[in-house]
Amino acid sequence: MKKVKIAGCSAGWPDMMDPAIEVAEKSDAKYLAFDHLAELTMAILERQKAKRPDRGYIPDVIPLMKKLLPIWKEKRFKMISNAGGANPEQCAEEIIKLAKNLGIIGFRIGIITGDDLPIERVKELRAKGIKFRNLDTGEPDIDRVINDLVAAYVYIGADRIIEALDQGADLVIGGRISDNSLFVGPWMYEFGWKYEDAYWDRIGAAVCTAHLLECGTWSCGTCSNFWEEVPEPWHSGAPICEMGEDGNSIITKVEGSGGLVRADTLKEHLVYEVHDPENYIMPDGIGDTTAIKLEDIGPNKVRISKLGNKPRGKPRPSTLKFCLAYLDGYISEYIMIVPGPKAYDMAKRCEEFFYKRLEIVGLKPVETLVSFIGYNALFGPTAPPIDYSPNELGVRFAIKTRTLEEAREARLQATLSWYAAGVGTAFGAPSEREVLALWPTLIPREEVPTKLEMREVK
Amino acid sequence: MKKVRLRDICWYRSGDKGDISNIGLMAKNEKIYQIIKRQVTPEKVKAHFKDWVKGEVIIYPMDNLLALEIVMYQALGGGATKTLRIDQTGKAMGNALAWMEVEVPDDFVVPK
Amino acid sequence: MKKVRVGAGSSGWPDYKDSAWDVAEHGDVDYIAFDHLAELTMAILQAQRARDPRRGYIPDVIPLMRGLLPIWKKKDKHFKMVSNGGGANPVRCAEEVFKIVKDLNLGGMKIGIVTGDEIPLSRIDELRAQGYKFKSLDTGEEDIDRIRDKLLCAYVYIGADKIIEALEGGADLVLTGRASDNSLYVGPFMHALGWKYEDAYWDRIGAGVIVGHLLECSSWSAGTCSNLWEEAEYPEGNPGFPIAEMDETGECVITKTATSGGLIRELTLKEHLVYEVHDPHNYIMPDGIADITTIKLEQIGKDRVRISKLGDAPRGKKRPDTLKLCLAYNDGYISEEMMVISGPKVLKMAERITEFIHRRLKHLNLKPREVLIQLIGFNSLQGPTVPVPDPEHEPPELGFRVAFKCDTEAEARECRVECGHLAWAAAGVGTAFTNPPGIRPVYALWPTLIPRDAVPLQLEIKEVK
Amino acid sequence: MGRKVRLSELALARSGDKGDISNIGLMAKDEKAYEIIRRQVTPQRVKEHFKDWVKGEVKIYEMPNILSLQIVMYQALGGGATRTLRFDQTGKAMGNALLFMEVEVD
């Protein structure tokens, strides 16, 4: 049976680079996949490109490639990455320049574009009658925010990845390729799977398994419930998955790397951000995460296999996830620390004082939140009652306003609220930021024509 | 004798000047002032702050205010602009000192 | 018996503009003084002015004056104002204030502009060539050649001489740069009560220096940042600023307006008399050296405390013949990152993350000059002095803050990302992040002394009719 | 009936976000614990536990293959990562917050 190894080398931006280098050097993984995009990263990169046309891709990919290309020269693994962000063409240009002065000739790059839509295109589609209902809030159409739009991008699937690999690409680079497709693409290409009924079960298995790899070291004991048992997390290994033509696979990591690969560290990620476990909707197929089982079969070795005969996947959806980013006011933030022994009472006084100051300066923010670090900043109303006297508490003011001036004035008043505290209060650095909000919706596949361009380092 | 913490028998406020931390320790009454004047010594203060106070400690009594002016050199990690501490200007050093314990007679009553 | 009422108007930047307006409206004062400069502000303002000649003064002075001058007019221009908000550009600041006077058509106004506190670096080199050593008051280091090439600017804490001259010249507002906070108050006392820089007056000037110290931090003597924080009420949310009623003999009553919050008690004054004083027998200021142990405090009514002479020991001595000089220089970059980690075993988790950071620094061969880890909610304020935690009662969460000091900005960023942000790998589930503050250049200060006669000052009085 | 214990004694959690939706993976420590959480951790109780932090609907899906519940809470993150004022912009600690909830064991 044919088997193919793919390593999950990045969970976002920023992330550790050394696990990817280690996989390239010490493992026989045929594919290295890099997800660099969180939900909002694209909007940030779009705004960068708007200011400077030669930017808009993930900057870290250049130092990463500088280390990987010499290793590639020896081992000839393939790389799939969405680091192109809002500017895959410029990113490829920089990598070609880099390869040239490293004397690496013949390196072939497949550049995928078409995932980001110009705002005018969105307005055209809206005029044509597509409402773009908000998946989160159910708001029926985008008319309320259509004039504040700054970016619009589609989570595209693996179609062009397969095409690029077919034409001999060594690196496939794109923008908003879905994290999942970075792994499903190569497996479909290698095993000759098609987007047809005979393959949905296996594509579903790949979709579920890819979910365990797209967050890199998060499946190998980082940010884990088992943090006390994880050895040497400071050089955690990246997960390497060997999948067979039947869709079953084995996940390991490089021998001697830090971190931990166990059924329950993978389980931790399988339950992460899945929503409806039987309908894990991805561009290439709908996975059923309840149709697979995880078994420890050796140190840092876990088998993933089919559970019973329920199909592991269903046909891919006719629509794609479509994200619109729009401007939505400003948030200013400020932290001060009040001392014990009555830290909680003192913190409450500062909060009361702050709200009075807002009245005095006649400021009505859209929203304000005062929380106490060391008590309820993370847990809000669910925090257990304080049954001890904390040495100190962080008092965090967060204020949302329409304009930057209001954000600054609100933060100034928060700064002055430490006067109401007792002696021994200190303060941290304040910050203001423009709020980019996300409008998640769906777009019919046929409205998103993607393009592939092949280039070679000569 | 029994032990009480300075925070129960004194008020305090601290500030900075460059890398010098300066604590005003105010006794709540005359009797307490005599106790802190005797027991709050440069050596004890320096030991209390461990590696946070690297330089000399000088203490000036202020009989008129029943207070001790405690001056601690190289005490703020380099001073407001250089220190890595979140309390850049040493506003809480008084509170920190207030954890220190002193000995008082067994019949001593902690003032409200 | 001559008396003068001087009110506090600001204690650093920012402060409560509405409290300054309250003093002007209800304080029945003859003078209001505004201190806007912390130890480091001048270096920042000078950097601003170097980039843009229209900047370099304290921006807050403008909205503050826009609210204050109409009250000044309503009080038929009775009270005078003294402010060091001119910063590194008092001339430009005066022009902006004159614009307000015209905009609100307040009629005539005279502004006295004091300069000479900023010492060009070339002058510093001249003095060194003449053999003058700028010994550091902090570390005792003999000379500044180690930092000469990194010097950004130099400024002197000047006294009240030119403030008095400006008031004698009829100035309504005196704008200075780095005037010492104390002199903003001693100037009006000396002018109004006829005190001179002569032997007969050092005792009374000493009293003025002590009261100046009480007013220079505005609400800090009236119940804010106080041990009495539970008693200080702020019904309207506006802290009161102290007002000093000083008489010819140097006896003084400190009070505040009835329309402001906070309180004036013996303790709230005492708290400030022990604040940043160092040697209480020799509280050295440009206008005189005060002995704070020679006065006593007496509560004589609600929010009224009298400060009077204790015995017959003089309250002040002859002013020093050197002035404090601050040299600001660049000393690397600081980056910081904060995450909040969840229990249970939150302290053990913090230890694991600390180990992670040091191991990863080694793993990536990063060598920051200094690394500091602090736990917010546990020891960020009081460090090693906090008692051993009770395992039964652990906080449900803790802020985990790590800061790095490096020679270059790039290094500071790499440390923060690779070993700060990515340290979440070692944390348990349930770790969250804030937006880290920007990487900041470190302005270091080299405090030293300079002979008074090496610092010639200039006064220019401008008027708009 | 039995005694009350915190969920943290029976299960582990990890939470993430998607827009303004908070999603908690609740993993029972064993078969017996899974039966308890499956019965007692209901949308109603979860919504009560989070008070005003969860404004929308709560859906709970079972994952018997890995003895886990997938808890999906709408309008639960104060507007989503970029708009929320909360410190924990992406709801990484919502799982831990849920573990404070009490359930009955015999």
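These legends describe close-up views of a predicted model. Local features need pLDDT of at least 70 and side-chain atom pairs count only at pLDDT 80 or more, while totals for chains, interfaces and linings use all residues. Residues are numbered from 1 along each chain as its sequence is written, chains are lettered from A in the order in which they are written, and side-chain values use heavy atoms, with hydrogens and water left out.

**View 1. Helix α11 of chain A and its packing partners.** Helices (H or I, at least four residues) and strands (E, at least two) are DSSP runs, numbered from the N terminus. Helix α11 covers residues 404-416 of chain A. Its 13 residues should span 18 Å at 1.5 Å a residue (1.5 Å times one less than the number of residues). The end C-alpha atoms are 19 Å apart, which agrees. Buried means under 20% relative accessible area, exposed over 50%, and partly exposed in between (1.4 Å probe, protein chains only). Buried residues of α11(A) include A:A407, A:A410, A:R411 and A:L412. A:Q413, A:A414, A:T415 and A:L416 are buried too. Within chain A, the buried residues pack against β14 (319-339), α10 (343-360), β16 (392-401) and β18 (431-444). Chain C adds α1 (17-26). Contact here means heavy atoms within 4.5 Å.

**View 2. Helices α8 and α9 of chain A.** Helix α8 (residues 200-213) and helix α9 (residues 263-270) of chain A pack at about 105°, with axes 8 Å apart. The pair is therefore roughly perpendicular (65 to 115 degrees; under 35 is roughly parallel, over 145 roughly antiparallel, the rest oblique). Axes are lines fitted to C-alpha atoms over the stretch in contact, and angles run from 0 to 180 degrees between N-to-C directions. From α8(A), the contact uses A:C208, A:H211 and A:L212. From α9(A), A:L266, A:H269 and A:L270 take part. Four of the contact residues are nonpolar, two are polar and none is charged.

**View 3. A:D296 in strand β11 of chain A.** The strand covers residues 292-298. A:D296 is partly exposed, at 45% relative accessible area. Beyond its neighbours within four places in sequence, A:D296 contacts A:R262, A:A263, A:K301 and A:V302. A polar atom of the A:D296 side chain lies 2.9 Å from the backbone nitrogen of A:A263. The C-alpha atoms of A:D296 and A:E333 are 45 Å apart, with the two positions 37 residues apart along the chain.

**View 4. A:D159 in helix α6 of chain A.** Helix α6 covers residues 159-166. A:D159 is partly exposed, at 30% relative accessibility. Leaving out residues up to four places away in sequence, A:D159 touches A:Y195, A:D284 and A:R316.

Methods:
Nonpolar A, V, L, I, M, F, W, Y, C, P; charged D, E, K, R; others polar. Polar contact = N/O pair within 3.5 Å; in protein donor to acceptor, adjacent residues only side chain to side chain.
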